[in-house]
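Please open the model in a viewer and keep the selection panel at hand. The tour proceeds by selecting residues and then inspecting what surrounds them.

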Amino acid sequence: MTLVAGVDSSTQSCKVVIRDAETGALVREGRAAHPDGTEVHPDAWWSALTEASEQAGGLDDVAAISVGGQQHGMVTLDGNGEIVRPALLWNDTRSAGAAEDLIEELNGPQAWTDAVGLVPVASFTVTKLRWLAGNEPENAARTAAVCLPHDWLTWKLAGAGSMDALRTDRSDASGTGYWSAATGEYRMDLLERALGMRPIVPTVLGPAESAGTTSNGAKLGPGAGDNAAAAFGAGAQPGDVLVSIGTSGTVFSVADTPANDPSGIVAGFADVTGRFLPLVCTLNAARVLTTAAAMLGVTVEKLSDLALDAPAGAGGLVLVPYLEGERTPNKPHASGAVHGLTLRTGTPAHLARAAVEGMLCALADGLDALRAQGATVNRVILVGGGARSEAVRRIAPEVFGLPVVVPPPGEYVADGAARQAAWVALGEAPAWTLKDTREYDGTPAPVIRDQYAAARDLTVDRH
């Protein structure tokens with residue numbers, strides 16, 4: 001049996017799965033937590049990967065390893081390959097002003113989408129580098145190389161040699177703001193515009209190219225951004241839209257042509273197979289549910305039960321879920337809001353239902369944006385921690401107006417990375433299949449989205 005390892009280095013934790021390369025059967029797995037916050041020293045990721053690998057029985061017997069990682073995180077290295085400062089993560093919004101400046105300097109959003117397929121927002125690496133140059137010029141001057149979380153971990157697995165050995169893949173590179181999925185090339189002029197210099201950047205590998213080997217001789221896959229890895233792990237096909245409800249919410253589909261959306265809603269990312277992955281991301285997803293549960297003093301499971309006790313539309317109660325600001329729409333300083341509170345709707349069940357509907361409506365707006373970019377949408381594949389909620393599963397078809405397929409709970413980012421590792425080990429992409437999926441149908445309830453559309457802009461910026 002040929003074994004491969006897939007790693008998911010996410011915002012909250014590191015997961016490692018060991019699978020049979022040919023069948024995809026799970027052999028063993030491990031997990032370790034990451035620190036909280038929007039600024040984390042990369043050494044914490046390495047410690048978590050080490051711990052999770054040990055829990056999974058070690059990596060000595062695997063033929064290949066690939067790392068899927070949270071996108072956009074800014075990892076800066078000095079001339080000796082040492083970390084310059086803690087990494088700014090995708091959900092750090094301090095670079096919102098830098099994003100606005102970069103858009104203006106390049107003569108507007110269309111110029112950015114033409115150049116790299118996306119419009120800068122606070123999440124993207126290019127804006128964080130501009131923030132670094134403007135706010136920590138000493139650290140910017142020390143920066144000799146810039147990479148992303150999965151790039152850095154792959155480099156560490158390969159022995160952390162010369163920074164010229166840094167490697168990445170199309171999917172993660174396409175989320176930086178200085179690499180174009182359409183052309184397959186870096187825009188070093190945009191990187192220089194942001195940072196004031198041209199540092200070393202990782203070489204971008206093709207779908208099954210090796211990024212090197214570990215000290216034990218295991219091949220290293222090119223890795224992937226977390227969303228692209230999840231799509232690969234879930235076996236997404238054209239016509240499928242994945243909705244992932246994790247720390248962030250993402251809506252994305254596999255496409256044969258790159259996106260070009262000057263509104264900035266749809267990012268023109270690449271996938272792990274050589275195709276493209278038009279994607280919409282929200283900052284607020286599963287934590288909307290945990291926050292609502294905490295407000296009500298109940299578990300997330302009880303929140304689900306309560307939500308299913310309330311009618312569609314929650315009697316007019318609407319929760320706008322911009323709890324940490326928002327990326328889509330671009331409202332980095334917004335706060336959440338509740339509208340329609342009356343004596344009749346002021347019940348735990350109504351608030352629970354409004355929380356689930358608000359989170360799903362924000363994701364449904366992303367689905368509309370994909371359609372506007374020409375995406376074919378036949379069904380929704382629902383993954384992520386939030387997909388474990390029965391209320392989310394049952395309400396989703398009412399909000400999306402589509403059949404919703406829910407695979408069994410799993411680590412789809414790690415699974416996608418493992419499948420890529422199998423591709424590197426075997427020389428061809430394995431045809432792993434998902435079992436025990438469940439399909440949910442429901443009558444569309446337009447009232448839910450109509451109410452949400454009327455309330456979503458009625459928010460107040462945080463001070």
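## From a core residue outward

Select Val 243 in this predicted model. Apart from its neighbours within four places in sequence, Val 243 is in contact with Thr 250, Val 251, Leu 363, Val 380, Ile 381, Leu 382, Val 383 and Phe 400.

Next, widen the selection to the largest nonpolar core, which has 56 residues. Val 243, Ile 245, Leu 360, Leu 382 and Phe 400 are the residues that touch the most other members. Helix H12 (residues 348-372) supplies the largest share of this core, 14 residues. A second, separate core holds 47 residues, among them Ala 231, Val 254, Val 383 and Trp 423.

Now select helix H13, residues 390-400. Is this helix mostly covered or mostly uncovered? Nine of the eleven residues of H13 are buried, and the helix is mostly covered. The buried residues include Arg 393, Glu 398 and Phe 400. Just after H13, select Gly 401, which takes a positive phi of about 70 degrees.

Finally, display helix H9 (residues 226-233) together with helix H14 (residues 412-426). The two helices pack at an angle of about 75 degrees, and their axes are 7 Å apart. Because angles of 65 to 115 degrees count as roughly perpendicular, H9 is roughly perpendicular to H14. On the H9 side, select Asp 226, Ala 229, Ala 230, Phe 232 and Gly 233. They meet residues of H14 including Tyr 412, Val 413, Arg 419 and Trp 423. The residues of this contact between H9 and H14 divide into seven nonpolar, three polar and three charged.

Technical notes. Residues are numbered from 1 along each chain as its sequence is written. This is a predicted model: local features need pLDDT of at least 70, side-chain atom pairs count only at pLDDT 80 or more; totals for chains, interfaces and linings use all residues. Side-chain values use heavy atoms; hydrogens and water are left out. Axes are lines fitted to C-alpha atoms, for helices over the stretch in contact, and angles run from 0 to 180 degrees between N-to-C directions. Helices (H or I, at least four residues) and strands (E, at least two) are DSSP runs, numbered from the N terminus. Angles under 35 degrees count as roughly parallel, over 145 as roughly antiparallel, 65 to 115 as roughly perpendicular and the rest as oblique. Contact means heavy atoms within 4.5 Å. Ala, Val, Leu, Ile, Met, Phe, Trp, Tyr, Cys and Pro count as nonpolar, Asp, Glu, Lys and Arg as charged, and the others, Gly among them, as polar. A nonpolar core is a set of buried Ala, Val, Leu, Ile, Met, Phe, Trp, Tyr and Cys residues joined through side-chain atoms within 4.5 Å. Buried means under 20% relative accessible area, exposed over 50%, partly exposed in between (1.4 Å probe, protein chains only).
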